[in-house]
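Subject: Structure handover

Hello,

Here is the structure I promised to pass on. Please open it next to this message and follow along.

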Amino acid sequence: MADGRPGTPLHPAAWWLWALGLGTAATRTTNPLLLGLLLTVSAYVVTTCRPDTPWSRSYSAFLKLGLAVLVVRLVFVVALGSPIPGTQVLVTLPEVPLPDWAQGIRLGGAVTAEGLLFALYDGLKLATLLVCVGAANALASPSRLLKTLPGALYETGVAVVVALTFAPNLIADVQRLRAARRLRGRPDTGLRGLLQVGLPVLEGALERSVALAAAMDARGYGRTADVPAPVRRTTAVLTLGGLLGVCAGTYGLLTAAGGSYGLPVLFAGVVAALAGLRLGGRRSPRTRYRPDRWTPRAGLTAASGVAVAAVLTVAASADPAALHPGVIPLTAPALPLWPAAAVLLGLLPAFTHKEPS
(Lines give C-alpha, C1' and ligand atoms only; values in the text may rest on other atoms or scores of the structure.)
Protein backbone atom coordinates (compact mmCIF):
# COMPACT_ATOMS: atom_id res chain seq x y z
CA MET A 1 0.00 0.00 0.00
CA ALA A 2 1.35 3.46 -0.90
CA ASP A 3 0.69 4.83 2.56
CA GLY A 4 2.93 2.25 4.12
CA ARG A 5 6.17 3.45 2.57
CA PRO A 6 8.02 5.93 4.79
CA GLY A 7 8.25 9.37 3.30
CA THR A 8 5.42 8.84 0.79
CA PRO A 9 4.10 12.32 -0.12
CA LEU A 10 0.60 13.03 1.10
CA HIS A 11 -2.17 13.72 -1.40
CA PRO A 12 -1.98 17.48 -2.19
CA ALA A 13 -5.75 17.91 -1.90
CA ALA A 14 -5.53 16.68 1.71
CA TRP A 15 -3.11 19.48 2.58
CA TRP A 16 -5.33 22.07 0.92
CA LEU A 17 -8.44 20.80 2.74
CA TRP A 18 -6.52 20.91 6.02
CA ALA A 19 -5.24 24.45 5.39
CA LEU A 20 -8.60 25.74 4.16
CA GLY A 21 -10.22 24.26 7.25
CA LEU A 22 -7.85 26.23 9.46
CA GLY A 23 -8.43 29.33 7.33
CA THR A 24 -12.21 28.93 7.63
CA ALA A 25 -11.82 28.63 11.38
CA ALA A 26 -9.83 31.88 11.39
CA THR A 27 -12.70 33.70 9.68
CA ARG A 28 -15.10 32.56 12.43
CA THR A 29 -13.34 34.38 15.28
CA THR A 30 -11.53 37.56 16.22
CA ASN A 31 -10.28 36.17 19.54
CA PRO A 32 -6.51 36.83 19.43
CA LEU A 33 -5.78 33.80 21.62
CA LEU A 34 -7.54 31.44 19.21
CA LEU A 35 -5.95 33.14 16.20
CA GLY A 36 -2.53 32.84 17.82
CA LEU A 37 -3.23 29.16 18.47
CA LEU A 38 -4.16 28.66 14.80
CA LEU A 39 -0.90 30.31 13.76
CA THR A 40 1.05 28.09 16.14
CA VAL A 41 -0.64 24.93 14.85
CA SER A 42 0.03 25.81 11.20
CA ALA A 43 3.66 26.72 11.92
CA TYR A 44 4.30 23.48 13.82
CA VAL A 45 2.77 21.30 11.10
CA VAL A 46 4.70 23.11 8.36
CA THR A 47 7.97 22.80 10.28
CA THR A 48 7.37 19.09 10.86
CA CYS A 49 5.93 18.00 7.51
CA ARG A 50 7.18 20.25 4.73
CA PRO A 51 9.49 18.68 2.13
CA ASP A 52 12.87 20.05 1.10
CA THR A 53 11.65 21.73 -2.09
CA PRO A 54 11.71 25.31 -3.46
CA TRP A 55 8.01 25.92 -2.86
CA SER A 56 8.27 24.78 0.78
CA ARG A 57 10.30 27.89 1.60
CA SER A 58 7.39 30.21 0.83
CA TYR A 59 5.85 29.90 4.30
CA SER A 60 8.14 32.55 5.80
CA ALA A 61 7.14 34.94 3.01
CA PHE A 62 3.46 34.48 3.89
CA LEU A 63 4.31 35.16 7.54
CA LYS A 64 5.91 38.44 6.52
CA LEU A 65 2.93 39.22 4.29
CA GLY A 66 0.55 38.62 7.19
CA LEU A 67 2.64 40.89 9.42
CA ALA A 68 2.59 43.59 6.73
CA VAL A 69 -1.21 43.33 6.46
CA LEU A 70 -1.50 43.73 10.22
CA VAL A 71 0.76 46.78 10.26
CA VAL A 72 -1.09 48.41 7.35
CA ARG A 73 -4.42 47.84 9.12
CA LEU A 74 -3.14 49.58 12.24
CA VAL A 75 -1.64 52.45 10.24
CA PHE A 76 -4.97 53.02 8.49
CA VAL A 77 -6.76 53.23 11.83
CA VAL A 78 -4.25 55.72 13.19
CA ALA A 79 -4.38 57.89 10.07
CA LEU A 80 -8.05 57.60 9.08
CA GLY A 81 -9.75 56.84 12.36
CA SER A 82 -11.94 53.95 13.47
CA PRO A 83 -15.72 53.45 13.40
CA ILE A 84 -15.50 52.14 16.96
CA PRO A 85 -16.16 54.91 19.50
CA GLY A 86 -13.73 54.97 22.37
CA THR A 87 -12.95 56.87 25.54
CA GLN A 88 -9.35 55.80 26.17
CA VAL A 89 -7.44 58.32 24.05
CA LEU A 90 -3.84 57.26 23.50
CA VAL A 91 -2.67 60.19 21.37
CA THR A 92 -4.23 63.06 19.47
CA LEU A 93 -2.80 63.73 16.03
CA PRO A 94 -3.20 66.99 14.11
CA GLU A 95 -6.45 66.72 12.13
CA VAL A 96 -6.52 67.82 8.49
CA PRO A 97 -9.75 69.65 7.53
CA LEU A 98 -11.58 68.05 4.59
CA PRO A 99 -14.25 69.48 2.24
CA ASP A 100 -17.96 68.87 2.79
CA TRP A 101 -18.17 66.14 0.16
CA ALA A 102 -15.72 64.06 2.22
CA GLN A 103 -17.90 63.92 5.32
CA GLY A 104 -17.41 60.75 7.34
CA ILE A 105 -13.70 60.64 6.53
CA ARG A 106 -11.05 62.22 8.68
CA LEU A 107 -7.27 62.50 8.59
CA GLY A 108 -5.65 62.55 11.99
CA GLY A 109 -7.47 63.25 15.22
CA ALA A 110 -7.79 61.19 18.37
CA VAL A 111 -6.46 57.63 18.41
CA THR A 112 -8.31 55.52 20.97
CA ALA A 113 -7.28 52.25 22.53
CA GLU A 114 -10.64 50.69 21.65
CA GLY A 115 -10.30 51.51 17.95
CA LEU A 116 -6.70 50.32 17.85
CA LEU A 117 -7.56 47.05 19.57
CA PHE A 118 -10.49 46.43 17.21
CA ALA A 119 -8.19 46.97 14.22
CA LEU A 120 -5.62 44.62 15.77
CA TYR A 121 -8.20 41.84 16.13
CA ASP A 122 -9.51 42.39 12.60
CA GLY A 123 -6.05 42.53 11.01
CA LEU A 124 -4.90 39.45 12.90
CA LYS A 125 -7.84 37.49 11.47
CA LEU A 126 -6.85 38.36 7.90
CA ALA A 127 -3.17 37.69 8.61
CA THR A 128 -4.01 34.24 9.99
CA LEU A 129 -6.03 33.43 6.88
CA LEU A 130 -3.07 34.38 4.66
CA VAL A 131 -0.68 32.27 6.72
CA CYS A 132 -2.98 29.24 6.42
CA VAL A 133 -2.93 29.62 2.63
CA GLY A 134 0.85 29.88 2.84
CA ALA A 135 0.93 26.61 4.78
CA ALA A 136 -0.88 24.86 1.93
CA ASN A 137 1.62 26.33 -0.56
CA ALA A 138 4.54 25.06 1.53
CA LEU A 139 3.17 21.54 2.04
CA ALA A 140 1.44 20.62 -1.26
CA SER A 141 3.26 20.18 -4.55
CA PRO A 142 1.57 22.42 -7.17
CA SER A 143 2.31 20.03 -10.02
CA ARG A 144 0.86 17.07 -8.12
CA LEU A 145 -2.20 19.14 -7.24
CA LEU A 146 -2.74 19.85 -10.93
CA LYS A 147 -2.67 16.12 -11.71
CA THR A 148 -5.60 15.49 -9.35
CA LEU A 149 -7.98 17.97 -11.02
CA PRO A 150 -10.76 16.67 -13.28
CA GLY A 151 -10.31 17.15 -17.00
CA ALA A 152 -12.96 19.87 -17.20
CA LEU A 153 -10.93 22.06 -14.82
CA TYR A 154 -7.52 21.26 -16.26
CA GLU A 155 -6.98 24.50 -18.18
CA THR A 156 -8.23 26.62 -15.27
CA GLY A 157 -6.08 24.55 -12.93
CA VAL A 158 -2.97 25.23 -14.98
CA ALA A 159 -3.55 28.97 -14.68
CA VAL A 160 -4.13 28.70 -10.92
CA VAL A 161 -1.08 26.47 -10.37
CA VAL A 162 1.15 28.81 -12.37
CA ALA A 163 -0.11 31.70 -10.24
CA LEU A 164 0.43 29.76 -7.00
CA THR A 165 3.99 28.79 -7.94
CA PHE A 166 4.93 32.39 -8.79
CA ALA A 167 5.62 33.37 -5.17
CA PRO A 168 7.71 30.27 -4.23
CA ASN A 169 9.81 30.50 -7.40
CA LEU A 170 10.29 34.23 -6.90
CA ILE A 171 11.43 33.68 -3.31
CA ALA A 172 13.82 30.92 -4.37
CA ASP A 173 15.35 33.17 -7.06
CA VAL A 174 15.82 36.04 -4.62
CA GLN A 175 17.48 33.78 -2.03
CA ARG A 176 19.78 32.25 -4.65
CA LEU A 177 20.86 35.62 -6.06
CA ARG A 178 21.39 37.18 -2.63
CA ALA A 179 23.56 34.22 -1.59
CA ALA A 180 25.59 34.56 -4.80
CA ARG A 181 26.14 38.28 -4.20
CA ARG A 182 27.25 37.66 -0.62
CA LEU A 183 29.78 35.07 -1.82
CA ARG A 184 31.18 37.68 -4.23
CA GLY A 185 31.39 40.28 -1.47
CA ARG A 186 28.72 42.49 -3.00
CA PRO A 187 25.90 44.18 -1.06
CA ASP A 188 22.56 42.35 -1.05
CA THR A 189 20.59 44.78 1.12
CA GLY A 190 19.41 48.33 0.70
CA LEU A 191 18.10 50.06 -2.40
CA ARG A 192 21.20 49.30 -4.49
CA GLY A 193 21.13 45.61 -3.64
CA LEU A 194 17.39 45.45 -4.36
CA LEU A 195 17.82 46.97 -7.81
CA GLN A 196 20.71 44.68 -8.74
CA VAL A 197 18.82 41.59 -7.61
CA GLY A 198 15.49 42.59 -9.15
CA LEU A 199 16.65 42.54 -12.79
CA PRO A 200 18.00 38.94 -12.75
CA VAL A 201 14.83 37.82 -10.94
CA LEU A 202 12.69 39.38 -13.67
CA GLU A 203 14.87 37.82 -16.36
CA GLY A 204 14.51 34.39 -14.74
CA ALA A 205 10.73 34.78 -14.57
CA LEU A 206 10.58 35.59 -18.29
CA GLU A 207 12.79 32.61 -19.14
CA ARG A 208 10.55 30.30 -17.13
CA SER A 209 7.49 31.69 -18.91
CA VAL A 210 9.00 31.02 -22.34
CA ALA A 211 10.10 27.52 -21.31
CA LEU A 212 6.65 26.77 -19.88
CA ALA A 213 4.93 27.95 -23.05
CA ALA A 214 7.21 25.77 -25.20
CA ALA A 215 6.65 22.73 -22.98
CA MET A 216 2.87 23.20 -23.02
CA ASP A 217 2.85 23.54 -26.81
CA ALA A 218 5.00 20.42 -27.22
CA ARG A 219 2.60 18.42 -25.07
CA GLY A 220 -0.45 19.50 -27.04
CA TYR A 221 -1.92 21.70 -24.35
CA GLY A 222 -5.29 23.18 -25.29
CA ARG A 223 -6.27 20.48 -27.77
CA THR A 224 -9.70 19.01 -27.19
CA ALA A 225 -11.49 15.87 -28.30
CA ASP A 226 -14.62 15.82 -30.47
CA VAL A 227 -17.72 15.65 -28.28
CA PRO A 228 -21.29 15.42 -29.63
CA ALA A 229 -23.37 18.59 -29.41
CA PRO A 230 -25.99 17.08 -27.04
CA VAL A 231 -23.25 16.17 -24.57
CA ARG A 232 -21.85 19.71 -24.71
CA ARG A 233 -25.27 21.24 -24.07
CA THR A 234 -25.96 18.82 -21.22
CA THR A 235 -22.60 19.65 -19.69
CA ALA A 236 -23.27 23.38 -19.86
CA VAL A 237 -26.74 23.03 -18.33
CA LEU A 238 -25.54 20.80 -15.49
CA THR A 239 -22.51 22.93 -14.66
CA LEU A 240 -24.34 26.27 -14.81
CA GLY A 241 -27.40 24.94 -13.00
CA GLY A 242 -25.22 23.30 -10.36
CA LEU A 243 -23.29 26.50 -9.67
CA LEU A 244 -26.53 28.47 -9.40
CA GLY A 245 -27.85 25.83 -7.02
CA VAL A 246 -24.72 26.09 -4.88
CA CYS A 247 -25.09 29.88 -4.71
CA ALA A 248 -28.83 29.68 -3.88
CA GLY A 249 -28.29 26.95 -1.29
CA THR A 250 -25.45 28.85 0.38
CA TYR A 251 -27.58 31.98 0.51
CA GLY A 252 -30.42 29.96 2.04
CA LEU A 253 -28.14 28.59 4.76
CA LEU A 254 -26.90 32.07 5.63
CA THR A 255 -30.39 33.58 5.98
CA ALA A 256 -33.04 32.77 8.54
CA ALA A 257 -35.83 32.50 5.95
CA GLY A 258 -33.96 29.96 3.81
CA GLY A 259 -33.23 27.38 6.47
CA SER A 260 -35.80 24.94 5.07
CA TYR A 261 -34.59 24.89 1.46
CA GLY A 262 -30.92 25.85 1.80
CA LEU A 263 -29.41 22.42 2.44
CA PRO A 264 -31.42 20.45 -0.21
CA VAL A 265 -30.73 23.08 -2.88
CA LEU A 266 -27.04 23.16 -1.96
CA PHE A 267 -26.81 19.36 -2.16
CA ALA A 268 -28.62 19.25 -5.52
CA GLY A 269 -26.33 21.99 -6.87
CA VAL A 270 -23.19 20.16 -5.81
CA VAL A 271 -24.40 16.92 -7.42
CA ALA A 272 -25.31 18.69 -10.69
CA ALA A 273 -21.99 20.58 -10.79
CA LEU A 274 -20.01 17.37 -10.22
CA ALA A 275 -21.97 15.63 -12.98
CA GLY A 276 -21.25 18.54 -15.33
CA LEU A 277 -17.55 18.42 -14.52
CA ARG A 278 -17.54 14.68 -15.10
CA LEU A 279 -19.07 15.07 -18.55
CA GLY A 280 -16.88 18.08 -19.33
CA GLY A 281 -13.78 15.98 -18.75
CA ARG A 282 -14.45 14.16 -22.02
CA ARG A 283 -13.29 17.22 -23.97
CA SER A 284 -9.76 16.98 -22.59
CA PRO A 285 -8.75 13.31 -22.31
CA ARG A 286 -5.60 12.89 -20.24
CA THR A 287 -3.57 10.06 -18.80
CA ARG A 288 -1.92 10.11 -15.38
CA TYR A 289 1.43 8.54 -14.62
CA ARG A 290 1.47 7.12 -11.09
CA PRO A 291 -1.57 9.03 -9.81
CA ASP A 292 -1.66 10.06 -6.16
CA ARG A 293 -3.71 7.77 -3.95
CA TRP A 294 -6.10 8.96 -1.26
CA THR A 295 -4.69 7.08 1.73
CA PRO A 296 -6.03 6.83 5.29
CA ARG A 297 -3.35 9.28 6.38
CA ALA A 298 -4.61 11.79 3.80
CA GLY A 299 -8.16 11.28 5.04
CA LEU A 300 -7.10 11.97 8.63
CA THR A 301 -5.26 15.12 7.56
CA ALA A 302 -8.23 16.50 5.66
CA ALA A 303 -10.67 15.48 8.40
CA SER A 304 -8.66 17.29 11.06
CA GLY A 305 -8.87 20.58 9.17
CA VAL A 306 -12.58 20.13 8.43
CA ALA A 307 -13.21 19.32 12.10
CA VAL A 308 -11.49 22.52 13.24
CA ALA A 309 -13.62 24.59 10.85
CA ALA A 310 -16.84 22.81 11.85
CA VAL A 311 -16.33 23.18 15.60
CA LEU A 312 -15.44 26.86 15.41
CA THR A 313 -18.39 27.55 13.10
CA VAL A 314 -20.75 25.95 15.62
CA ALA A 315 -19.04 27.71 18.53
CA ALA A 316 -19.36 31.09 16.78
CA SER A 317 -23.14 30.59 16.67
CA ALA A 318 -23.47 29.09 20.17
CA ASP A 319 -21.20 31.51 22.05
CA PRO A 320 -20.39 34.55 19.88
CA ALA A 321 -19.11 36.58 22.84
CA ALA A 322 -16.27 34.10 23.45
CA LEU A 323 -15.13 34.02 19.83
CA HIS A 324 -15.63 37.74 19.25
CA PRO A 325 -14.43 39.52 22.39
CA GLY A 326 -15.62 43.07 22.75
CA VAL A 327 -13.43 46.13 22.99
CA ILE A 328 -15.96 48.39 24.76
CA PRO A 329 -15.19 48.36 27.64
CA LEU A 330 -11.58 47.24 27.39
CA THR A 331 -11.28 43.69 28.73
CA ALA A 332 -8.71 40.95 28.33
CA PRO A 333 -9.91 38.17 25.98
CA ALA A 334 -10.49 34.75 27.49
CA LEU A 335 -9.53 31.46 25.88
CA PRO A 336 -12.66 29.32 25.29
CA LEU A 337 -11.90 25.72 26.20
CA TRP A 338 -13.70 23.66 23.55
CA PRO A 339 -12.78 25.82 20.55
CA ALA A 340 -9.15 25.79 21.70
CA ALA A 341 -9.22 22.00 22.00
CA ALA A 342 -10.72 21.78 18.52
CA VAL A 343 -7.91 23.91 17.09
CA LEU A 344 -5.41 21.44 18.53
CA LEU A 345 -6.96 18.78 16.30
CA GLY A 346 -5.12 20.54 13.47
CA LEU A 347 -1.87 19.10 14.88
CA LEU A 348 -2.87 15.58 13.78
CA PRO A 349 -0.86 15.67 10.49
CA ALA A 350 2.31 16.33 12.46
CA PHE A 351 1.86 13.14 14.48
CA THR A 352 0.93 10.96 11.49
CA HIS A 353 3.82 12.28 9.38
CA LYS A 354 6.36 9.68 8.31
CA GLU A 355 9.97 10.69 7.88
CA PRO A 356 11.71 9.48 4.69
CA SER A 357 14.04 6.56 5.27
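My notes on it follow, from the whole chain down to single residues.

**Overall**

Keep in mind that this is a predicted model. The protein chain has 357 residues, and 35% of them are buried. Its secondary structure comes to 13 helices and two strands. The exposed area is about 20,600 Å², with carbon and sulfur atoms supplying 68% of it. Take the contacts between residues at least 6 apart in sequence: 78% of them join residues at least 24 apart.

**Annotated spans**

The unreviewed UniProt entry carries the annotation "transmembrane region" for residues 32-49, 61-81, 152-172, 236-254, 260-277, 298-318 and 330-351. I looked at two of these spans in the model. Residues 61-81 are 95% helix and 0% strand. The end C-alpha atoms of that span lie 29 Å apart. Residues 330-351 are 55% helix, again with 0% strand. Here the end C-alpha atoms are 39 Å apart.

**Helix H3: patch and salt bridge**

Helix H3 covers residues 59-80. Which residues make the nonpolar surface patch? They are Leu67, Val71, Val72, Val75, Phe76, Leu80, Val96, Leu98, Ile105 and Leu107. The patch measures about 840 Å². Helix H3 gives the most to the patch, with six residues. Phe76 is in helix H3 and is one of the patch residues.

H3 also has a part in the salt bridge. A search of the whole structure finds one. Asp122 pairs with Arg73, and their closest N and O atoms are 3.3 Å apart. The bridge links distant parts of the chain: Arg73 sits in helix H3, Asp122 in helix H4 (residues 113-139), 49 residues apart. Both partners are partly exposed: Asp122 has 29% relative accessibility, and Arg73 has 26%. Both count as partly exposed because their values lie between the 20% and 50% cut-offs.

**Strand E1: Val89**

Val89 lies in strand E1 (residues 89-96). At 46% relative accessibility, Val89 is partly exposed. Leaving aside neighbours within four places in sequence, Val89 is in contact with Ala110, Val111 and Thr112. Val89 and Ala113 are 24 residues apart in sequence, yet their C-alpha atoms are 6.3 Å apart in space.

**Helix H8: Val246**

Val246 is in helix H8 (residues 229-254). Is Val246 buried or partly exposed? Val246 is partly exposed, at 23% relative accessibility. Not counting residues up to four places away in sequence, Val246 touches Leu266, Gly269 and Val270. With Leu266, the C-alpha to C-alpha distance is 4.7 Å, across 20 residues of sequence.

**Helix H12 and its surroundings**

Start with the loop between H11 and H12, where Pro329 lies. Most peptide bonds are trans. The one from Ile328 to Pro329 is cis, with omega near -5 degrees. Please look at that bond.

Helix H12 covers residues 337-344. Which of its residues are buried? Pro339, Ala340, Ala342 and Val343 are. Seen down the axis of H12, these buried residues fall within an arc of 160 degrees, so they line one face of the helix. Leu337 and Trp338, on the other side of H12, are exposed. An α-helix has 3.6 residues a turn, so residues three or four places apart point the same way.

What do the buried residues of H12 pack against? Their partners are helix H2 (32-49), helix H10 (296-318) and helix H11 (320-323).

One residue of H10 is worth a stop. Ser304 lies in that helix. Ser304 counts as buried because its relative accessible area is 5%, under the 20% cut-off. Setting aside neighbours within four places in sequence, Ser304 is in contact with Trp18, Leu345, Leu348 and Pro349.

**Where to look**

If time is short, I would open three views. See the nonpolar patch and the part of helix H3 in it. See the salt bridge between Asp122 and Arg73. Then see the cis bond from Ile328 to Pro329.

Best wishes

Terms used. Residues numbered from 1 in each chain as written. Predicted model: local features only at pLDDT ≥ 70, side-chain atom pairs only at ≥ 80, totals over all residues. Heavy atoms only, no water. Patch = residues over 30% accessible without salt bridge, like charges linked within 9 Å, V, L, I, M, F, W, Y side chains within 5 Å. Areas by Shrake-Rupley, 256 points an atom, 1.4 Å probe, with all protein chains shown as cover. Salt bridge = Lys/Arg side-chain N within 4 Å of Asp/Glu carboxyl O. Helix = DSSP H or I, 4+ residues; strand = E, 2+ residues; numbered from the N terminus. Buried < 20%, exposed > 50% of the residue type's maximum accessible area, 1.4 Å probe, protein only. Arc of directions from axis to C-beta. Contact = heavy atoms within 4.5 Å. UniProt positions renumbered as here; feature names shortened; annotations may be inferred.
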